[in-house]
Amino acid sequence: MVDQTQTSYFAKTMESGSERWNFQGNKKLSASSISVRGVYNMLMERINNNEHKKPLVRLCRVDPTDNPIFRTTPEASDAVATAVHSYNFNSYPPTVGLPEAKRAIANYLSSDLPYQLSAENVFLTVGGTQAIDIILPVLARPGANILLPRPGYPQYSSRAACCLLEVRYFELLPERGWEVNLDSIEALADDNTVAMVLINPSNPCGNVFTYQHLKRVAEIARKLGIFVISDEVYAHVTFGSNPFVPMGVFSSIVPVITIGSLSKRWLVPGWRTGWIATCDPHGIFQKTGVVKNIISYLEITSDPPTILQAAIPEILDKPKVDFLSKNLNILREAANILHDLCKEIPCLTCPHKPEGAMAVMVEINISQIKDIVDDMDFCAKLAEEESVILLPGVTVGLKNWLRISYAVKTSDLVDGLNRIKAFCLRHAKMP
């Protein structure tokens, strides 16, 4: 119990400013200050403080469970339930994951590759996010840098900042369907560049890279002596003219680390079940110590729940064609609606019709709007006036753009876009 004398001492020293402590918050974590969740919470606060708020429409999250039509297969749920009721998976899992789960993922990925992965190529993670949190520190060393796409997924830059890994951004080109600016990769890289990140299908752009473009990326990476981190969390979530091609197809040219998860294709982001796969037929990751460091990191971090790992073989072994095609048809229809309705909204431009993933980038013409200074201001005022939440482009690296998710109910998508149109008309500058 603290006596009155101690209380008085602390109060006086705090008031005088004479108190000294040898600790403080890690300023490097400020890299995460403009985070998706942080911005979402700020926008929700704007809505909640409005006494006359309208019904909420969230077009900011790429969480397919926001649409009640999206439900995972009964077989997936049954596989988890079976694992629970067996009482065989209440223990801690092995460091690198259950062998049967690793084998199932290796077989699943190998169906799209010209060679066979083994269980030893796969490491289980707590979703795709933990895979990022593992890979970047594995690469970090004094002076090292990594090439990230802009726009891109903000977890990469935030994690890089925390582990003192310098970030250099290469541009994705909206006028070319968000292709990589290949010239910029060679201009940015130097002897300290360790890897580049590619997200395919793309979050946040909604594009799907072609075979020819991916091959060219692989050839440039090989020339530079770096490897490719291929974020394929949205693998096979494609509904346009370009089919999904895994980067591992080109691992005979350059070594590839693939990041994947159950979250999007199986509509279970809350299960937090992902993986790292080394696509490396020449064994370069073994020779350079990358695999050893991945295992070392896994030994000091948390694991996906054992029961979910145990369910993976049943889930991946029996993909339901009807289930998968139905979901793609829903997303295709939603993408068409979004692209068509965006054409009717003044000051907004959608340069590329989405053909994969669950979100798209839309440009704001700030010069056509009054009383709004940038994308953050646009989203804050839209939330206050219309109770519609969008993600400001600055959070994914592109100021004065918006990321809009279409993985929502059709009625919410149409309602939200109509409110955005009304908002833009209300704020439009008069000719």
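These are my notebook entries on one sheet, one helix pair, and the pockets and cavities of this structure. I am working from a predicted model.

**Entry 1: the sheet**

I looked up how the strands of one sheet are arranged. The sheet is open and has 4 strands, in the order 10-11-14-13, with antiparallel pairing. Strand 10 (348-349) and strand 13 (391-392) stand at the edges. Each has a single partner strand, so one side of each is left without a neighbour in the sheet.

Next I checked the pairing at the strand 13 edge. Strand 13 is joined to strand 14 (residues 401-405) by 2 bridges, and the two run antiparallel. Which residue of strand 14 stands opposite Leu391? I find Arg403 there.

**Entry 2: a helix pair**

I turned to helix 3 (residues 74-86) and helix 11 (residues 306-317). Their axes come within 8 Å. They cross at roughly 135°. That makes helix 3 oblique to helix 11; the oblique class applies because roughly antiparallel needs an angle over 145 degrees. I also noted the hand: helix 3 passes helix 11 in a right-handed crossing.

**Entry 3: the largest pocket**

How much space lies in the largest pocket? I read about 950 Å³. Its lining has 32 residues. Val36, Arg37, Thr129, Tyr153 and Arg272 lie nearest the centre. I then sorted the lining by element. Helix 2 (36-48), helix 5 (127-139), helix 6 (154-162) and strand 8 (256-261) are the elements that give two or more residues. Helix 6 gives the largest share, with 5 residues. By class, I have 13 nonpolar, 11 polar and 8 charged residues in this lining.

**Entry 4: the second largest pocket**

I did the same for the second largest pocket. About 330 Å³ of space lies in it. I find 18 residues in its lining, with Val194, Gly225, Phe227, Thr288 and Val290 nearest the centre. Which elements give two or more residues to this lining? They are helix 5, strand 6 (193-199), helix 8 (211-224), helix 9 (284-287) and helix 10 (290-298). Helix 5 thus appears here as well as in the list for the largest pocket. The classes in this lining are 11 nonpolar, 5 polar and 2 charged residues.

**Entry 5: the largest cavity**

I moved on to enclosed space. How many cavities of 30 Å³ or more does a search of the whole structure find? It finds 4. The largest cavity has a volume of about 140 Å³. It is lined by 15 residues, and Tyr108, Leu109, Glu232, Ala235 and His236 are the closest to its centre. Helix 4 (99-110) and strand 8 each supply at least two lining residues. Strand 8 gives the largest share, 3 residues. I noted above that strand 8 also gives two or more residues to the lining of the largest pocket. By class, the cavity lining has 8 nonpolar, 4 polar and 3 charged residues.

**Entry 6: the second largest cavity**

About 80 Å³ of space lies in the second largest cavity. I listed its lining: Phe70, His236, Val237, Lys264, Arg265, Leu267, Leu324, Asn327, Leu328, Leu331 and Met358. His236 is in this list, and His236 is also one of the residues closest to the centre of the largest cavity. By class, I have 7 nonpolar, 2 polar and 2 charged residues. The charged ones are Lys264 and Arg265. The polar ones are His236 and Asn327.

Note on methods:
Residues are numbered from 1 along each chain as its sequence is written. This is a predicted model: local features need pLDDT of at least 70, side-chain atom pairs count only at pLDDT 80 or more; totals for chains, interfaces and linings use all residues. Side-chain values use heavy atoms; hydrogens and water are left out. Two strands pair if DSSP finds at least two bridges between them. On a 1 Å grid over the protein atoms alone, a cavity is a set of points where a 1.4 Å probe fits but cannot get out, and a pocket is an open set with protein on both sides within 12 Å along at least five of seven lines; lining residues have an atom within 4 Å of a point. Grid points are joined across faces, edges and corners, and a volume is the space filled by probe spheres set on the points. Axes are lines fitted to C-alpha atoms, for helices over the stretch in contact, and angles run from 0 to 180 degrees between N-to-C directions. Angles under 35 degrees count as roughly parallel, over 145 as roughly antiparallel, 65 to 115 as roughly perpendicular and the rest as oblique. A crossing is left-handed if the near helix is turned anticlockwise from the far one by less than a right angle, and right-handed if clockwise.
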